[in-house]
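Biologist: Can we go through this one together? Please keep the answers short.

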Amino acid sequence: MKADRIASIVFIIVALLFWPQTGGLQYNCSIFPRLLIIFLFFLSAALLIQTFLIAPPKTVSFIPKNLRYIITSTVVAFVWIYLLNILGFIVSSVVCLTTLTFFLDLKRPTFMRTISSIAVYTLMVVAFWLIFHNFLLVPLPTGYFI
Amino acid sequence: MLEAIAASFGHIFTVKVILMIIAGLFGGLMAGALPGLTATMAVALLVPFTFTMNPTEGLIVLGAIYMACIYGGSFSAILVNTPGTPSSIGTTFDGYPMAKRGEGERAILIATFSSAYGGIIGVIFLLFLAPPLASVALKFGPPEYFWMAVFGITIISSLASKNVLKGFIGGAIGLLISTIGIAPIGGDVRFTAGFPQFQGGIELIVALIGFFCIPEALTMISNRTQKFHLTEAEHTGGIVLKTFLEVMKRQGNLLRSSILGTIVGILPGAGGSVANLVAYNEALRVSKTPEKFGTGTPDGIIATESSNNAVVGGGMIPLVTLGIPGAPPDAILYGVLLLHGLRPGPELFTTHSEVVYTFIMSLFVATILMIPVGIFSGRLLHRTVVRLPIRFLAPIIFFLTIIGSYSIRNNVMDVYIMLTLGVIGYILKRLDFHPGPITLGLILGPIGEMGFVQALLMGQVLPNKWMIFFIHPLSWVLIIMSLLSLGWPLLMKRFSKRWKIKEMTIDES
C-alpha cells in the first residue's frame with residue numbers, strides 16, 4: 001500500500017510535469033494530450049485516496065529477490081548497447097552474453113564451460129548476423145570490429 | 001466465380017507452389033516468433049525476393065509469410081511471456097500461465113488449431129462476403145474511430161480485473177507515451193524534452209518489446225536459483241488429437257472471435273493488435289467462468305489466436321475491393337500488387353480474377369499447411385525453451401530484444417528506449433501495473449487522437465462542434481458497446497454475489 005501511495009504521487013507529478021509542456025502548442029496538437037493528462041491526474045488522485053480508505057491487502061514485497069543480480073544485469077545490458085557501435089554487433093554480443101551467463105551461473109565457471117559457452121554464443125550471434133545482414137538486408141551496428 | 005476458384009487450384013497444387021508456401025510458412029513463423037520482427041516487417045523485407053517471381057507466385061509467398069507471422073507471434077507469447085507480434089498480446093495472458101505449469105505444448109497446439117480456424121474463417125469472408133463487408137468500412141468516419149479507441153480502452157476493465165484503477169492508469173500512461181513526437185494533425189513537436197531522437201515518437205514495437213520482454217528477463221534473473229524457467233511436462237500420447245477435439249468443442253468462442261477478427265480487420269488502421277484484445281474481452285464477458293481467464297485457460301488463447309489470424313483475411317477485404325489496406329501488412333501487399341501492374345479496387349475481381357482467386361485460395365491452403373508446420377516448429381521451440389537453463393535463457397532474451405528493437409529503424413537510440421521502458425515496466429509490474437493496459441494505450445493512442453482531432457475539425461460546421469461525436473448512429477452503437485464493456489465486470493460481480501446468496505439460501509433450506 002505504501003508502494004501504491006508512492007506510485008500514485010509519482011503519476012500525479014508526471015501529469016503535472018506534462019501539463020505545462022502543452023502550453024505553447026496549437027489547439028489541435030494539445031487538446032488530446034491535455035485530456036489524457038487530466039485523465040491520468042484524476043485516476044492517480046483516486047488511487048492515492050484509495051490507499052487511505054481501503055485496508056491494505058497482503059502483497060508481495062516490492063523489492064525483488066536477487067536485487068543485486070537484477071541491477072548488475074541491467075547495467076551490463078546498457079553497456080552492451082553502448083558497445084554496439086564501438087566493438088561491433090558480433091564482438092559486443094558474444095562478450096556480453098558470456099558475461100551475463102557466468103554472472104547468472106550458480107556454479108563456478110570452469111575452463112571447458114567457458115570455452116563451450118563462447119563457442120555456442122559465437123555460432124548463434126554469427127548465424128543471426130548472417131541472416132540479418134545477408135538475407136534480410138538489415139545493417140547491424142559495426143565498430144572497430146563487426 | 002466458381003470457374004475462377006477451380007482454375008486457381010490448378011495454379012496452387014503444383015510441387016513448386018506448395019514448396020514455396022511451406023518455405024513462406026517457415027520464414028513467417030520464425031519472423032513472428034522473434035520479438036521485434038512484425039508481420040509488416042517480414043512481408044516488407046521479403047518483397048524483393050518476389051521480384052523474380054510472377055505476380056501470382058509472389059503474392060502466394062507473401063500471403064503465406066503474413067499468415068504464419070501472425071500465428072508465430074504466439075510461440076514467444078506462450079513460452080517467454082513476450083508477444084512476438086502485437087497481435088499476440090492477449091495470448092500472453094493465458095498462454096504463459098499454461099506454459100509455466102507445464103502445459104506449454106498444449107498451449108501451442110491450442111494456438112495452432114485456433115489460428116488455422118480463424119485464418120480459414122477470414123478467408124471464407126474474403127471469398128464470399130468481400131463487397132458488402134467493405135461498404136461497412138466506408139461508414140467509419142473519424143468520430144467512429146475515436147469511439148472505437150474508447151471502446152478498446154474500456155477492455156482494460158476486464159484485463160485488469162484485480163485493480164481496475166491501476167489498469168486505467170496503465171492505459172493512460174500508454175496513451176500519453178503514444179503522444180510523444182510530432183502531432184499527427186498540426187505537426188507540433190510534443191514532449192520530446194529537447195531530444196530530436198524522440199520526434200518520430202516511441203515506436204510501438206520498441207515499447208512492446210521493452211514492456212513485455214525485459215520485465216520477464218529480469219523476473220527470470222530474480223529467480224536464478226531455479227534451474228529452468230518453465231516446468232517440463234510429461235509427454236502424453238495423443239495430445240495433438242485430444243487438443244484438436246478440445247479446441248473444436250469451443251465452436252462458439254472460435255466463431256465469435258474469428259468474426260470479430262474479420263470485422264476489426266476490415267477497419268483500416270485497427271488490425272490484429274486491437275482484434276486479439278477485443279476478442280479476449282468478449283470471450284471473458286461471455287464465459288461462465290470468467291475468473292479462470294488470466295490463469296491459463298484455453299478459451300483465452302482460442303479467442304486471441306483465432307481473431308488475429310482472421311484479421312489476415314478481413315484486412316484484405318477493403319484492399320481487394322476498395323484499394324484501401326485494412327492492416328499495415330496489407331499496405332505492403334498493395335504495393336506488391338501495383339508493382340506487378342495490378343491496381344487494387346473493384347475492377348480487380350473482373351480484370352484479374354484468376355490472380356485474385358488464386359491468391360485467396362492460396363491463403364486457404366497456407367492456413368491448412370500451417371497446422372503441420374506449426375506443430376513441428378512449435379514443439380521444437382517448446383522443447384528448446386523448456387530445457388534451456390535460466391543462465392542461458394535470460395541473456396538470449398536480452399540478445400533478441402536488442403536485435404529486435406534495433407532492426408525496426410536501424411537505430412541504437414531505439415534500443416536504449418526499449419531497455420529504459422523495460423526497466424520502468426519491471427518496476428510497474430512489481431507495483432501491480434501490468435503491461436497489457438499500457439500497450440493497449442500505446443496501440444489505441446494514435447487511432448484515438450487522429451479520430452478525435454479530425455472529428456473536432458469536421459464538427460466546426462455544427463453549432464456545437466462536440467455534437468459530431470453523437471450524431472451518427474454507428475457512434476451510438478460504439479458508445480453503448482463501450483458502456484457495456486466498462487460496466488460488465490461490475491455487473492457480473494454484483495450478479496455473482498446475488499447468485500451465491502441464492503445458492504446459499506437454497507442449500508440452507
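Modeller: Sure. One definition before we start: a residue is buried if 20 or more other C-beta atoms lie within 10 Å of its own. Also, this is a predicted model.

Biologist: Fine. How much of chain A counts as buried, then?

Modeller: Of its 146 residues, 25% count as buried.

Biologist: And chain B? What share of its residues is buried?

Modeller: For chain B it is 58% of 509 residues.

Biologist: What does chain A's radius of gyration come to, and what would a compact globule have?

Modeller: Chain A has 24 Å, but a compact globule of 146 residues would be near 15 Å. The C-alpha atoms of chain A fill a box of roughly 60 × 45 × 25 Å along the principal axes.

Biologist: Same check for chain B. What does the globule rule give?

Modeller: It gives a value near 23 Å for 509 residues, and chain B has 22 Å, so the two agree. The box for the C-alpha atoms of chain B is roughly 70 × 70 × 65 Å.

Biologist: What is chain A built from?

Modeller: Five helices and zero strands. The pattern along the sequence is α-α-α-α-α. Chain B has 22 helices and two strands.

Biologist: Which domains does chain A have, and where do they sit in the sequence?

Modeller: The domain assignment gives domain 1 at 2–53 and domain 2 at 67–135. Their C-alpha centres lie 40 Å apart.

Biologist: Now the contact between the chains. How many residues does each give?

Modeller: Chain B gives 42 residues and chain A gives 48. On the chain B side, the elements giving two or more residues are α10, α11, α19, α20 and α21 of chain B. The largest share is 10 residues, from α19(B).

Biologist: What sort of residues are on that side of chain B?

Modeller: The side of chain B that touches chain A divides into 29 nonpolar, six polar and seven charged residues.

Biologist: Switching to the largest nonpolar core. Which residues touch the most other members?

Modeller: The core has 189 residues, and those touching the most other members are Leu40(A), Ala42(B), Ile65(B), Met67(B) and Ala394(B). Helix α4 of chain B, residues 55–80, gives the largest share, 17 residues.

Biologist: Where does this core lie relative to the two domains of chain A?

Modeller: Between them, because domain 1 and domain 2 of chain A both give residues to this core.

Biologist: Back to Leu40(A). What does Leu40(A) touch?

Modeller: Leaving out residues up to four places away in sequence, Leu40(A) touches Phe11(A) and Ala15(A) in chain A. In chain B, Leu40(A) touches Ile169(B), Ala172(B), Ile173(B) and Leu176(B).

Biologist: Next, helix α2 of chain B. What span does it have?

Modeller: Helix α2(B) runs over residues 15–33, and its 19 residues reach 27 Å from first C-alpha to last, close to the 27 Å expected. Its buried residues include Met20(B), Ile21(B), Leu25(B) and Leu29(B). Glycines are among them too, including Gly24(B) and Gly28(B).

Biologist: What do the buried residues of α2(B) pack against?

Modeller: They pack against α3, α4 and α18 of chain B.

Biologist: Last one: why does Met481(B) count as partly exposed?

Modeller: Because Met481(B) has 16 C-beta neighbours inside 10 Å, and partly exposed covers counts between the buried cut-off of 20 or more and the exposed one of 12 or fewer. Met481(B) is in helix α22 of chain B, residues 473–508.

How values were computed. Residues are numbered from 1 along each chain as its sequence is written. Chains are lettered from A and ligands numbered from 1 in the order in which they are written. This is a predicted model: local features need pLDDT of at least 70, side-chain atom pairs count only at pLDDT 80 or more; totals for chains, interfaces and linings use all residues. Two residues are in contact if their C-beta atoms, placed from the backbone, lie within 7 Å. Helices (H or I, at least four residues) and strands (E, at least two) are DSSP runs, numbered from the N terminus. Ala, Val, Leu, Ile, Met, Phe, Trp, Tyr, Cys and Pro count as nonpolar, Asp, Glu, Lys and Arg as charged, and the others, Gly among them, as polar. Domain bounds come from an automatic or database domain assignment. A nonpolar core is a set of buried Ala, Val, Leu, Ile, Met, Phe, Trp, Tyr and Cys residues joined through C-beta atoms within 7 Å. The expected span of a helix is 1.5 Å times one less than its number of residues. The radius of gyration is taken over C-alpha atoms; the globule rule is 2.2 Å times the number of residues to the power 0.38.
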